[in-house]
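Work through the exercises below with the sequence and the model open. Try each task before you read its solution.

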Amino acid sequence: MDRRDKHNYYLDIAETVLERGTCLRRNYGSIIVKNDEIISTGYTGAPRGRTNCIDLKKCRREELNVPRGTHYELCRSVHSEANAIISASRKDMIGATLYLVGKDANTGEFVKDANSCAMCKRLIINAGIEMVVIRDTKNEFRIVYVDEWINKDDSLSTQTGY
Ligand SMILES: [Zn+2]
Ligand SMILES: [Zn+2]
């Protein structure tokens, strides 16, 4: 058997982190890696101490069938990227890589064309993270350089995501 390549190895870990997610719509897992060391992890979940979508048995965005990329405020979850970023120090995140995996909570399928939402992109840029690696299938992924988001800043107002 071939040895798992490094990007897929970290994506596999992010996928495991995702399994802790609590949204009924889509769950994401994020890990931040710097110099081959995992510096933090995050999954989709309600703010500490607040009830999760999964315990309420409803997600407002799911309930209202809100189109992808809009009205994140209706879901109570903090996104996985944001949770990973607030668990790390900025010093460690400069030049780091964020690995992102998303799954549909109903079908368990990988989210098609997964990407960070406009709000998370802003956080990722300000955290100093250099690139984002996003899983498309068990073995395929896309590498996004954060500079591309900075240069095409219309993507900060319209984007797919959760
Ligand atoms: Zn939700
Ligand atoms: Zn987000």
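The exercises run from the whole fold to single residues, and the model they use is predicted.

**Exercise 1. The fold**

Task: Find how many helices and strands the protein has, and read off their pattern along the sequence.

Solution:
- Start with the count. The protein has seven helices and five strands.
- Next, read along the sequence. The pattern is α-β-β-α-α-α-α-β-α-β-β-α.
- Then check the overall size. The radius of gyration is 15 Å, close to the 15 Å that the globule rule gives for 162 residues, so the protein is as compact as a globular protein of that length.
- Add the box. Along the principal axes, the C-alpha atoms fill roughly 40 × 40 × 30 Å.

**Exercise 2. Inside and outside**

Task: State what share of the residues is buried, and describe the exposed surface and the charges.

Solution:
- Of the 162 residues, 46% count as buried.
- The exposed surface is about 8900 Å². Carbon and sulfur atoms supply 49% of that surface.
- Now take the charges. There are 25 positive and 23 negative ones, and their mean positions are 6 Å apart.
- Finish with contacts between residues at least 6 apart in sequence. Of these, 71% join residues at least 24 apart.

**Exercise 3. The annotated span**

Task: Locate the domain that UniProt records, and describe that span in the model.

Solution:
- The record is an unreviewed UniProt entry. It places "domain: CMP/dCMP-type deaminase" at residues 5–145.
- Turn to the model. The end C-alpha atoms of residues 5–145 lie 19 Å apart.
- Composition comes last. The span is 30% helix and 24% strand.

**Exercise 4. A loop residue and its partners**

Task: Decide whether Val111 is buried or exposed, and list its contacts beyond four places in sequence.

Solution:
- Place the residue. Val111 sits in the loop between β3 (97–104) and α6 (118–127).
- Apply the cut-off. Buried means under 20% relative accessible area. Val111 has 4%, so it is buried.
- List the contacts. Beyond its neighbours within four places, Val111 touches Arg26, Tyr28, Arg68, Gly102, Lys103 and Asp104.
- Follow one partner. Arg26 lies in strand β1, and it is buried, with a relative accessible area of 15%.
- Compare sequence with space. Arg26 and Asp104 are 78 residues apart in sequence, yet their C-alpha atoms are 4.5 Å apart.
- Try another pair. Val111 and Thr137 are 26 residues apart along the chain, with 9.1 Å between their C-alpha atoms.

**Exercise 5. The buried side of a helix**

Task: Name the buried residues of α6 and the elements that help cover them.

Solution:
- The buried residues of α6 are Ala118, Cys120, Lys121, Ile124 and Ala127.
- Recall the helix geometry. An α-helix has 3.6 residues a turn, so residues three or four places apart point the same way.
- Find the cover. It includes α4 (80–86), α5 (90–93), β3, β4 (131–135) and α7 (146–151).
- Step past the end. Just after α6, Gly128 takes a positive phi of about 90°.

**Exercise 6. Positive phi without glycine**

Task: Examine Asp36 and Lys57, and say where each lies and how exposed each is.

Solution:
- Take Asp36. Its phi is near 65°, a positive value in a residue other than glycine.
- Asp36 lies in the loop between β1 (26–34) and β2 (37–43). At 45% relative accessibility, Asp36 is partly exposed.
- Take Lys57. Its phi is also positive, about 65°, although Lys57 is not a glycine.
- Lys57 lies in the loop between α2 (53–56) and α3 (60–63). With a relative accessible area of 69%, Lys57 is exposed.

Technical notes. Residues are numbered from 1 along each chain as its sequence is written. Chains are lettered from A and ligands numbered from 1 in the order in which they are written. This is a predicted model: local features need pLDDT of at least 70, side-chain atom pairs count only at pLDDT 80 or more; totals for chains, interfaces and linings use all residues. Side-chain values use heavy atoms; hydrogens and water are left out. Helices (H or I, at least four residues) and strands (E, at least two) are DSSP runs, numbered from the N terminus. The radius of gyration is taken over C-alpha atoms; the globule rule is 2.2 Å times the number of residues to the power 0.38. Buried means under 20% relative accessible area, exposed over 50%, partly exposed in between (1.4 Å probe, protein chains only). Contact means heavy atoms within 4.5 Å. Accessible areas come from the Shrake-Rupley method with a 1.4 Å probe; for residues, only the protein chains shown count as cover. Lys and Arg count as positive and Asp and Glu as negative; His and the chain ends are not counted. The place of a charge is taken as NZ of Lys, CZ of Arg, CG of Asp or CD of Glu. UniProt positions are given in the numbering used here, feature names are shortened, and annotations may be inferred rather than shown by experiment.
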